[in-house]
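Thanks for making the time, everyone. I would like to walk through a few side-chain arrangements, taking them one neighbourhood after another, so please keep the structure open as I talk.

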Amino acid sequence: MRNIVVIGAGTMGNGIAHTFAQQGFSVKLVDVSEQALEKGLATIAKNLDRIVAKGNLTEEEKAKTLGQISTFTDLKDAATDADLIVEAATENLDLKLKIFKQMDEIAPENCILSTNTSSISITKIASVTNRPEKVIGMHFMNPVPIMKLVEIIKGYSTSKETFDAVYKMSENLGKVPVEVNDYPGFVANRILMPMINEAIETLYNGVAGVEEIDTVMKLGMAHPMGPLQLADFIGLDVCLAILEVMHDGYKNPKYAPNPLLVNMVMAGKKGIKSGEGFYDYSESRKAEKVAKMFAK
């Protein structure tokens, strides 16, 4: 498998495209918006610059990586010779089902169809295709070029050949693949999201403030990032969507999203992506921080 199509040029999609391209794969990045594609490529270039600055990549290797990526707004044009398609669109079931129906109609017969979903059933996604044995989950972690883990999720009908091929490819990407069965939230988010939700519950109940909760988890439990800061990083809307999938799938109240999370998302406070979540990421706040640095 050398020809890779990545659907979605957002945070996860451009990270996945970057990772494949840096390992020498031919990558076609697809998004409905030219603006999103331009932004995605700019992000990849910026992230490559960081690697160059650390001495882990040459300028020639950076140029070669970028040269491996081409962009498309039409999946039909991109997928004609695809060996593997990785769908990295928004965590929305209806959207993913629509995309997979289209992928199944367009992609070559031997093409593997994968999804980067962080919680939605692979079996359900595969059910709208005529090749359920070739549908699999590849749940990358953010930031994709840095994080080693990939959850490889088998649907009910995923064949051993498909699983083995994707597992081996993940190793070739320099990742550590972990075999996971198809249950809501898989492993990573089944454990992580209740922790984040409980941190929000702790804030909601007035037990402690945002920074205090995060400090306890960073210094007391050796977490590199507090759960509320991590929720901002993931996206509060994404956290909410995952919790809703798990709550619906398990019918267990422990997965019910906290009302504060629901209200924040409805108010448009989604974390870093919107400029505000549990923390303030606005330009004025950044300017304030810079002014304080120079005042010292």
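Let me begin with Val-176, which belongs to strand S8, the run covering residues 176–181, and please bear in mind throughout that what we are looking at is a predicted model. Val-176 has a relative accessible area of 47%, so it is classed as partly exposed. Together with Leu-149 and Val-178, Val-176 makes up a nonpolar surface patch of about 210 Å².

From there I would like to turn to the aromatic rings. How many aromatic pairs does the count come to? By the rule used here, which asks for ring centres within 6.5 Å, the count comes to three aromatic pairs. One of them joins Phe-163 and Tyr-167 in a tilted arrangement, with 5.6 Å from centre to centre and 40 degrees between the planes. Both residues sit in helix H7, which spans residues 160–172, and they are four residues apart, about one turn of the helix.

Are the two partners, Phe-163 and Tyr-167, buried or exposed? Phe-163 has a relative accessibility of 9% and therefore counts as buried, whereas Tyr-167, with a relative accessible area of 27%, is partly exposed.

A further aromatic pair is formed by Tyr-250 and Tyr-255, again described as tilted, with 5.2 Å between the centres and 35 degrees between the planes. Here Tyr-250 is partly exposed, because its relative accessibility is 23%, while Tyr-255, at 3% relative accessibility, counts as buried.

Rings also have charged neighbours in this model, and Phe-163 comes back at this point, since Lys-154 lies over the face of Phe-163, at 5.7 Å from the ring centre. Elsewhere in the sequence, Arg-2 is placed over the face of Phe-25, and in that case the distance from the ring centre is 4.1 Å.

The last residue I want to show you is Met-195, which is found in helix H8, made up of residues 188–204. With a relative accessibility of 25%, Met-195 counts as partly exposed. Which residues does Met-195 touch, if we leave aside those up to four places away in sequence? The contacts are with Met-217, His-223 and Pro-227. For Pro-227 we can set sequence against space: Met-195 and Pro-227 are 32 residues apart along the chain, yet their C-alpha atoms are 7.3 Å apart.

That is where I will stop, and I am glad to go back to any of these places on the screen.

Definitions and conventions: Residues numbered from 1 in each chain as written. Predicted model: local features only at pLDDT ≥ 70, side-chain atom pairs only at ≥ 80, totals over all residues. Heavy atoms only, no water. Patch = residues over 30% accessible without salt bridge, like charges linked within 9 Å, V, L, I, M, F, W, Y side chains within 5 Å. Areas by Shrake-Rupley, 256 points an atom, 1.4 Å probe, with all protein chains shown as cover. Salt bridge = Lys/Arg side-chain N within 4 Å of Asp/Glu carboxyl O. Helix = DSSP H or I, 4+ residues; strand = E, 2+ residues; numbered from the N terminus. Buried < 20%, exposed > 50% of the residue type's maximum accessible area, 1.4 Å probe, protein only. Phe/Tyr/Trp six-rings, centres within 6.5 Å; stacked < 30°, edge-to-face > 60°. Lys NZ or Arg CZ within 6 Å of the ring centre and 35° of its normal. Contact = heavy atoms within 4.5 Å.
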